Amino acid sequence: MLCITACKQQPQIATKFYKHYQNKVYNEFDTAAYYTEFSRQLALLKPRLRYSATLNNYYKSRHFELHFVDQFLFNGQLRTLIKYLNDAPGHGLNAAVFNAASIERDLDTMEANHFTKIQDVYPVLVRLELETASSLLTYATALQYGVVNPRSLYRRYDIPVKRPDSLMFKKVLEADSLNSYLEQIQPRSEAYLVLKKELAAMSTVTNADSLQLRTIKLNMERLRWQTPAKDSRYLWVNIPAFKLQWIENKKVVFDMKVCLGEPKPAGYDTMLLRYLKTHSIDDKPVNHETTILCSRINTIQLNPNWNIPSSIAQNEIYYAILRNPAYLSNNNIRVYYKDKLVTQPDTIRWGRIQRQKIPYKFKQDASELNALGKFKFIFDNEAGIYLHDTPNKKAFGSSWRAVSHGCVRVEDPLKLSEALVNDTNMVDNIRMEVGLKPVNLKDTTKYNAIQAKRAVKGFELKSKYIGLKPDMQLFIDYYTCWPDENGKLVFYADAYRMDTVLEKAMGKYLNK
């Protein structure tokens, strides 16, 4: 342990250095001079040390004790660290940002053992200590938490992400074995290992697709983000794949196509800046991109009604009414003013109403025409989105399915409902409520009665709610490449241009 006052007693670390290198210069070790040099080097290195404030506080609290040099120089573990840092391209990361060359240079100087003056030792020792600490913190953070915080990067990223904190820094700085710690922090998810293996294979191919290499590296970064743990069974919507999967015990039980929100228009940010200046609704850009989130589906609504959002009312319903005064009645849409039903909306002079100040609310009743179809899957989220059916199935025949206003349209909502309730009697009740024959009940009396009610003139279809016990974990996420069930990597189009944004944010950390 070093002391910070000048004392004639030789510090313990000086004795260790003398025994290891058999160089008498270490007998001249002066703790006061060393303390001065530590402070000087800390100031000099500050501009290029990551986490310099953390390191300053940490070493001051420990009286500038040399932890990494003391514990890992003589047993070769600093060389192990250098190897891991140089292997960063295997994770899609740029090795240069981890300063392995500087650490190796000072380590070589120490091991060359050519010192003739103790004053020449101090700066090398301090640099080796501080750069090792800084590089290890940077590397450990990148591998365990990623380089980028997605919640700061993307407007519509609502998945909680754990970020490094003081406890994590303390664990790194007080590691009692670099070998064990470095091995422990390597990402090990199945998907990550597939991407890592593919990256290694493609990196040695002369004509490797540069776009695919970039895509792999960016998705490895996404896999390093510490998002909530997944249950043994969960639903996963991958936006670029336009697919929903039911996953149980890490296996895909079934999947189906989905339609998702339209991408923002090109030049969206410029449009938004203009709108913020003019506050004119005509300048307001539309953003229908589906929010990235995690939640739990807790309710199925059968025969849902649709409370039409004001943005859709302003940008679509308003113009539709002007083109066709019968649009509202043709589409089973009711109009409300201050929460009271307007019985004759066709008498409203819509052309005199300012689009940005429409005083009415619109609600589409449950029917065969309803935009939400016969099923709505409800989960808590701040974006106000949900999974739902649709009467318009045409889009499912296209490979490009970014066509919605932000909610997720599912290809086979009946199958999803049946899997969620997992109850034979409940399944038949669901089928009858949406006008389908039961498949398990031999007695069709109830079904016939329901159908008879529907046939009566003036019948109004009502919504029904089914609470799910247990509820179902849901992730809506964004990966532009992902292993299929056979472990083969599949690439998808960057539907929302999120790869482009991520590449820019990673900057020098991305291995080019």
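**Exercise 1. Decide whether Tyr-157 is buried or exposed in this predicted model, and find what kind of aromatic pair Tyr-157 forms with Tyr-154.**

Solution. Begin with the relative accessible area of Tyr-157, which is 4%. A residue counts as buried when this value is under 20%, and therefore Tyr-157 is buried. The partner, Tyr-154, has a relative accessible area of 9%, and Tyr-154 is buried as well. Turn next to the geometry of the two rings, whose centres are 6.5 Å apart and whose planes make an angle of 25 degrees. Planes under 30 degrees apart count as stacked, so the pair of Tyr-154 and Tyr-157 is stacked.

**Exercise 2. Classify the aromatic pair of Phe-98 and Tyr-139, and work out which parts of the chain the pair ties together.**

Solution. A search of the whole structure finds 31 aromatic pairs, and one of them joins Phe-98 and Tyr-139, with 5.5 Å from centre to centre and 85 degrees between the planes. Because an angle over 60 degrees counts as edge-to-face, this pair is edge-to-face. Now locate the two residues: Phe-98 lies in the loop between helix H5 (77–86) and helix H6 (100–112), whereas Tyr-139 belongs to helix H7 (residues 118–145), so the pair ties together parts that are 41 residues apart in sequence. Finally, check the surroundings of each ring: Phe-98 is buried, with a relative accessible area of 0%, and Tyr-139 is buried at 1%.

**Exercise 3. Find how far the charged end of Lys-264 sits from the centre of the ring of Tyr-268, and how far Lys-376 lies from the ring centre of Tyr-386.**

Solution. For the first residue, the charged end of Lys-264 sits over the ring of Tyr-268, at 5.6 Å from its centre. For the second, Lys-376 lies over the face of Tyr-386, and the distance to the ring centre is 4.3 Å.

**Exercise 4. Describe the largest pocket by its volume, its lining and the classes of its lining residues.**

Solution. The volume of the largest pocket is about 1400 Å³. Its lining consists of 44 residues, and those closest to the centre are Ser-189, Glu-190, Ala-191, Tyr-234 and Trp-482. Among the elements that each supply at least two lining residues are H7, helix H11 (190–203) and strand E1 (233–238). Sorting the lining by class gives 19 nonpolar, 12 polar and 13 charged residues.

**Exercise 5. Which helix gives the most residues to the lining of the second largest pocket?**

Solution. Strand E5 (306–308) and helix H14 (310–323) are the elements that give two or more residues to this lining. H14 gives the most, with 7 residues.

Technical notes: Residues are numbered from 1 along each chain as its sequence is written. This is a predicted model: local features need pLDDT of at least 70, side-chain atom pairs count only at pLDDT 80 or more; totals for chains, interfaces and linings use all residues. Side-chain values use heavy atoms; hydrogens and water are left out. Rings of Phe, Tyr and Trp (its six-membered ring) pair if their centres lie within 6.5 Å; planes under 30 degrees apart count as stacked, over 60 as edge-to-face and the rest as tilted. Helices (H or I, at least four residues) and strands (E, at least two) are DSSP runs, numbered from the N terminus. Buried means under 20% relative accessible area, exposed over 50%, partly exposed in between (1.4 Å probe, protein chains only). A charge sits over a ring if NZ of Lys or CZ of Arg is within 6 Å of the ring centre and within 35 degrees of the ring normal. On a 1 Å grid over the protein atoms alone, a cavity is a set of points where a 1.4 Å probe fits but cannot get out, and a pocket is an open set with protein on both sides within 12 Å along at least five of seven lines; lining residues have an atom within 4 Å of a point. Grid points are joined across faces, edges and corners, and a volume is the space filled by probe spheres set on the points. Ala, Val, Leu, Ile, Met, Phe, Trp, Tyr, Cys and Pro count as nonpolar, Asp, Glu, Lys and Arg as charged, and the others, Gly among them, as polar.
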